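Take a look at the model below. We will start on its surface and then step back to the whole chain.

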Amino acid sequence: MGFLDHLSDFCSVSTTRKKRKAMLTVDIKVKMDCDGCERRVRNAVSSMKDAKSVEVNRKQSKVTVSGYVDPNKVLKRVRRTGKRAEFWPYVPYNLVAYPYVAQAYDKRAPSGYVRDVPQALPSPNAPDEKFMTLFSDENPNACSIM
C-alpha cells in the first residue's frame with residue numbers, strides 16, 4: 001500500500017495467461033478414396049497439438065476431431081494434404097421440420113442426414129400451416145372460432 005508496493009508493480013515481470021480454449025468437436029467433410037488418403041488425413045490432424053481424438057469414417061467422407069482445437073486450423077490442416085474439405089454441412093434427418101424441401105434434401109448426403117438450411121422451416125403463408133394454427137392454443141382467437 002505504500003511506495004514500495006507501488007514500485008514493485010512496475011518492476012515485477014508479469015506473466016500473461018492465455019485463455020484456455022473450449023473443448024470442441026469439429027466435423028469435416030473430406031473425399032477419401034483409398035487407405036492412403038485416409039492415413040494422410042488422419043496423420044495430418046492427429047499431429048495437431050491439442051487434438052485429443054481423431055475419427056475417420058471413409059464411407060461417410062467424414063473426419064471428426066475432438067479436443068481444444070480451432071475449427072479453422074483443423075480445416076486448413078486437412079486442406080494442406082491436397083484434399084478438398086469443408087465443414088460438415090449435414091444434420092440428422094429427425095432434427096429438421098421439412099427434410100424434403102428443395103435445398104435440404106441432398107442425394108449425396110449419408111443416410112439419415114440432410115443439409116442444414118434455414119428454408120427447411122415452413123412458410124408462414126402456407127395454407128396447411130394456416131389451418132394448423134387456426135385451432136392452436138397459441139392463437140388468441142381460437143376460442144371464438146370454437
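Three tyrosines, Tyr 93, Tyr 100 and Tyr 105, make a nonpolar patch on the surface of this predicted model. The patch covers about 360 Å². Look at Tyr 105 in particular. Tyr 105 sits in a loop. That loop runs between strand E5 (90-92) and strand E6 (113-115). How is Tyr 105 classed by its accessibility? Its relative accessible area is 44%, so Tyr 105 is partly exposed. Partly exposed residues fall between the buried limit of 20% and the exposed limit of 50%.

Now turn to charge. Which residues gather in a patch of positive charge on the surface? They are Lys 21, Lys 49, Lys 73 and Lys 76. Follow Lys 73 to its place in the fold. Lys 73 belongs to helix H3, which spans residues 71-79. Lys 73 has a relative accessibility of 49%, and therefore counts as partly exposed.

Next, step back to the whole protein. There are 5 helices and 6 strands. Along the sequence, they follow the pattern α-β-α-β-β-α-β-β-β-α-α. The pattern opens with a helix and ends with two helices.

How much of the protein is buried? Of its 146 residues, 31% are buried. The protein exposes about 11300 Å². Carbon and sulfur atoms supply 53% of that area.

Finally, consider which parts of the chain meet. Take the contacts with a separation of 6 or more. Among these, 54% are between residues 24 or more positions apart.

How values were computed: Residues numbered from 1 in each chain as written. Predicted model: local features only at pLDDT ≥ 70, side-chain atom pairs only at ≥ 80, totals over all residues. Heavy atoms only, no water. Patch = residues over 30% accessible without salt bridge, like charges linked within 9 Å, V, L, I, M, F, W, Y side chains within 5 Å. Areas by Shrake-Rupley, 256 points an atom, 1.4 Å probe, with all protein chains shown as cover. Salt bridge = Lys/Arg side-chain N within 4 Å of Asp/Glu carboxyl O. Lys, Arg positive; Asp, Glu negative; His and termini not counted. Charge placed at Lys NZ, Arg CZ, Asp CG, Glu CD. Helix = DSSP H or I, 4+ residues; strand = E, 2+ residues; numbered from the N terminus. Buried < 20%, exposed > 50% of the residue type's maximum accessible area, 1.4 Å probe, protein only. Contact = heavy atoms within 4.5 Å.
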